[in-house]
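Biologist: I'm new to reading protein models. Could you walk me through this one while I ask questions?

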Amino acid sequence: MMNDLIADALTRIRNASMRKLETTTLVHSNTVEAVCNVLKSKEYIEDYKVVDTDPKKKTIAVTLKYDENENSVINEIKRISKPGRRIYGNAAELKNFKNGYGTIVVSTNKGVISNEEAYKLNVGGELLCSVW
């Protein structure tokens with residue numbers, strides 16, 4: 001049994017992009033699906049689709065995105081808050097990440113959103129991961 005599905009999903013995306021794979025498969029959870037939604041809206045991945053192969057098991061098929069030189073759009077993807085040490089931030093701390101070139105995925109009471117949306121909504125929350 002895996003304890004941290006988000007870290008597993010990020011590692012699978014990181015490994016697949018380093019190997020220049022077109023797609024990768026993630027273990028499904030609602031939070032992982034919400035993180036994929038943020039990554040898609042910020043154009044770090046092409047698309048994702050929830051695949052229901054088994055009635056008890058769902059997976060997420062993620063299509064990775066590459067630039068014209070076949071380099072991955074994702075330079076770094078890293079877990080911030082971990083099960084053993086949760087990291088929280090308020091809206092003011094979430095204003096800018098990597099001078100606007102990166103994104104922090106935040107779990108708030110408004111859902112899982114990017115740091116820019118959290119700043120606009122003036123809400124803080126748990127910092128799930130950073131991508132740039």
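Biologist: Helix H2 covers residues 30–41, so how far does it reach from its first C-alpha to its last?

Modeller: This is a predicted model, where local features need pLDDT of at least 70, side-chain atom pairs count only at pLDDT 80 or more, and totals for chains, interfaces and linings use all residues. Residues are numbered from 1 along each chain as its sequence is written, and side-chain values use heavy atoms, leaving out hydrogens and water. Helices (H or I, at least four residues) and strands (E, at least two) are DSSP runs, numbered from the N terminus. The expected span is 1.5 Å times one less than the number of residues, here 16 Å for twelve residues, and H2 comes close to that with 17 Å.

Biologist: Which residues of H2 are buried, and why are they on the same side?

Modeller: Buried means under 20% relative accessible area, exposed over 50%, and partly exposed in between (1.4 Å probe, protein chains only). The buried ones are Val32, Val35, Cys36, Val38 and Leu39. Taking the directions from the helix axis to the C-beta atoms, they share one side of H2 because their arc is only 160°.

Biologist: What is the strand order in the open sheet of three strands?

Modeller: Two strands pair if DSSP finds at least two bridges between them. S1 (23–27) and S2 (45–51) are the edge strands, each pairing on one side only. S1 runs antiparallel to S3 (residues 59–64), with five bridges joining them. The order is S1-S3-S2.

Biologist: And at what angle does H2 run to S2?

Modeller: Axes here are lines fitted to C-alpha atoms, for helices over the stretch in contact, and angles run from 0 to 180 degrees between N-to-C directions. Contact means heavy atoms within 4.5 Å. H2 lies across S1, S2 and S3, and its angle to S2 is about 155°.

Biologist: Now charges: which residue does arginine 12 meet in a salt bridge?

Modeller: Side chains of opposite charge can pair when their charged atoms come close. For a salt bridge, a side-chain nitrogen of Lys or Arg must be within 4 Å of a carboxyl oxygen of Asp or Glu. Arginine 12 is partly exposed at 30% relative accessibility, and its partner, buried at 18%, sits four residues apart from it in helix H1, about one turn of the helix. With 3.0 Å from N to O, that partner is aspartate 8.

Biologist: How many residues apart in sequence are the parts that arginine 86 and glutamate 126 tie together?

Modeller: Their closest N and O atoms are 3.1 Å apart, so by the cut-off they form a salt bridge. Arginine 86 is partly exposed at 41%, whereas glutamate 126 is buried at 13%. Arginine 86 lies in the loop between S4 (77–79) and S5 (88–89) and glutamate 126 in S8 (residues 125–131), so the parts they link are apart by 40 residues.

Biologist: Last one: how far is valine 131 from lysine 78 in space, C-alpha to C-alpha?

Modeller: Valine 131 is in strand S8 and is buried, with a relative accessible area of 0%. Leaving aside residues up to four places away in sequence, valine 131 touches several others, including Leu39, Tyr44 and Phe97. Lysine 78 is 53 residues away from valine 131 in sequence, yet their separation in space is 6.6 Å.
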